[in-house]
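Student: I should like a close look at a single part of this model, followed outward into its surroundings. Please take me through it in one connected account.

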There are 2 protein chains.
Amino acid sequence: MSFQAQYARYAALVNNALASLPWGDDLMSRAMTYSLFGGGKRIRPVLALAAAELTGGDPEALALPAGGLELIHTYSLIHDDLPCMDDDDTRRGRPANHIVFGEAAAVLAGDALLTLGLELVARPLPGVPPARSLAAVALVAGAAGWCGMVCGQMLDAAGETGGEAGERLAWLERMQSMKTSALLVASAELGAVLAGAGEAELVSLRAYAAALGAAFQIKDDILDVEGDSSVLGKPAGSDARSAKLTYPSLLGLERAGTVLRQKTEEAVNALAAWGEEAAFLRDLAVSAAGREK
Amino acid sequence: MSFQAQYARYAALVNNALASLPWGDDLMSRAMTYSLFGGGKRIRPVLALAAAELTGGDPEALALPAGGLELIHTYSLIHDDLPCMDDDDTRRGRPANHIVFGEAAAVLAGDALLTLGLELVARPLPGVPPARSLAAVALVAGAAGWCGMVCGQMLDAAGETGGEAGERLAWLERMQSMKTSALLVASAELGAVLAGAGEAELVSLRAYAAALGAAFQIKDDILDVEGDSSVLGKPAGSDARSAKLTYPSLLGLERAGTVLRQKTEEAVNALAAWGEEAAFLRDLAVSAAGREK
């Protein structure tokens, strides 16, 4: 199966699982589904299902807890776009959640997506010991919470502290590893833990996903400089306009590109023990580095 | 042991468990702990521990998941006070979270409290089968989320729809049962489920907590009319100023008092099967109806 077909297969499992939830046509459901079904790439659940399949799990059985990761990612975007946070009016080529539904509904829709996301991770699964699901909740909540993604957003909102280039790079890496990589690492872990993977496999997958997360963020920063607004679905150049610290602004485009290649290589190398079995995850890292949006 | 001593014992178990979490002195920890240790009555975790003890569980072993309920309650208050929601500057006699830390930090502190709250509910416990903890996550997340507390807040934020007195009362009951009672019911259930209670016990505790929640909310509304601002820790009369639909505004103070007594009686009656063993929960309902703040 080609990489594209495999990606589409995992994404379809997730999308079907998410569509099967009992959405209504009340304001709450509409505000939640507007962003959840608003064109996300599903990379976190896809990563979870690929990690599960690589370590002997059944992706079809794990689509719902994997989908929980997408709800958590979606909540973080809605809250991130709020006027009191990044104040972004546009997300994925459409008006941001709070532009359509108002700020109060956007805050609450984010709250509800986070809550439901963790509930889905905790769903009992046939053939999966409950202790594994509890472990999955712990690692996803840990990655999403005050020592992970939310902390990264807090650092981002507070802004960098200045200092020498080395200190600024360290701050940027720390902020990004919490804001972006933590949930990607937890996604790979979730799939592997629910599949019953061993510790050595978990160590490799963590290293892979951490490097993938760094590569993903650097590529995002580069696209904001080089990309085409109509392809991106958001205005390019917004980082420069808000004078945000990014890899290109700190290192220049050329060195940022070098770090992107290094991180991609690191991700691929972490998969060495699996050989061709890990072709999908290898191609995922390579395609993330080459994407145009 | 007197009711007060028993309440203090449960609350101390919860407060010790919450104090044992690895708080730092970073902005995130400070924003979270400011509201978490800001004078809450701990009624949800106390209810959980009392329900656990009544159904054969050990309150000392369950203090951490019970504490998770307080984090979830605290997050809901922080988000509720935001300018885009109720826009309250004061909470429990102190400046609201967003007044002290800013709106962005308040949104994120709420997000982090919710995430950590559910993580605590999912903590594996010695002597408790993991499947029970998974069930606890499901019921707490269900009560807190889009079909429970968050939905109640969405209804509240959207405002009532008008109509005849009967329709308005139905709207008020529905909104309050989701906004306030759902998490109280889940609190009683959490304690009982983790203790391994049987279905008949769960049915009684649900009826008790639902009536307690209604009584609690009616008393809150009455105190907003009759109470003393300095005792309440917030300005009395705020419901009237914001023309909010409440039990006293709809029924008048006298009939609201009658409904309060009926709901309290309902709560007490739901405990009948336990007799004197349930004295603490009975006294909790009676004291909630008689409180001055």
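Tutor: A:A157 counts as partly exposed, because it has 18 C-beta neighbours inside 10 Å, whereas a buried residue would need 20 or more. The model is a predicted one. A:A157 belongs to helix 8 of chain A. Setting aside residues up to four places away in sequence, A:A157 touches A:M85 and B:A104, one residue in each chain. A:D86 lies 71 residues from A:A157 in sequence, yet the C-alpha atoms of A:A157 and A:D86 are 7.6 Å apart in space.

The contact with B:A104 leads to the interface between the chains. There, 38 residues of chain A are in contact with 38 residues of chain B. On the chain A side, at least two residues each come from helix 2 (27-36), helix 6 (103-121), helix 7 (130-144) and helix 8 (149-158). Helix 6 of chain A gives the most, with twelve residues. By character, the residues on this side of chain A divide into 29 nonpolar, six polar and three charged.

The two chains can be superposed, chain A on chain B, by a rotation of 180° with 0.0 Å of shift along the axis, at an RMSD of 0.0 Å. The copies are thus related as by a two-fold rotation axis. The same surface serves both of them, since 100% of the contact residues of chain A recur in chain B. A:P130 is the residue of chain A that comes closest to the axis, its C-alpha being 2.8 Å away.

Helix 8 of chain B can be described in terms of burial. Eight of its ten residues, 149-158, are buried, so this helix is largely enclosed by the rest of the structure. The buried residues are B:M149, B:V150, B:C151, B:G152, B:Q153, B:M154, B:L155 and B:D156. Their cover draws on both chains: it includes helix 2 and helix 6 of chain A, together with helix 4 (63-81), helix 7 (130-144) and helix 9 (165-195) of chain B. After helix 8 of chain B comes B:G159, with a positive phi near 90°.

Finally, the nonpolar core deserves attention. In soluble globular proteins, nonpolar side chains tend to be buried together. In this model, the largest nonpolar core holds 200 residues, and A:V140 and B:V140 touch the most other members. Beyond its neighbours within four places in sequence, A:V140 is in contact with A:L69, A:I72, A:L118, A:V121, A:A186 and A:L190.

Note on methods: Residues numbered from 1 in each chain as written. Chains lettered and ligands numbered in written order. Predicted model: local features only at pLDDT ≥ 70, side-chain atom pairs only at ≥ 80, totals over all residues. Least-squares fit on C-alpha atoms with pLDDT ≥ 70 in both. Contact = placed C-beta atoms within 7 Å. Helix = DSSP H or I, 4+ residues; strand = E, 2+ residues; numbered from the N terminus. Nonpolar A, V, L, I, M, F, W, Y, C, P; charged D, E, K, R; others polar. Core = buried A, V, L, I, M, F, W, Y, C linked by C-beta atoms within 7 Å. Buried ≥ 20, exposed ≤ 12 C-beta atoms within 10 Å, placed from the backbone.
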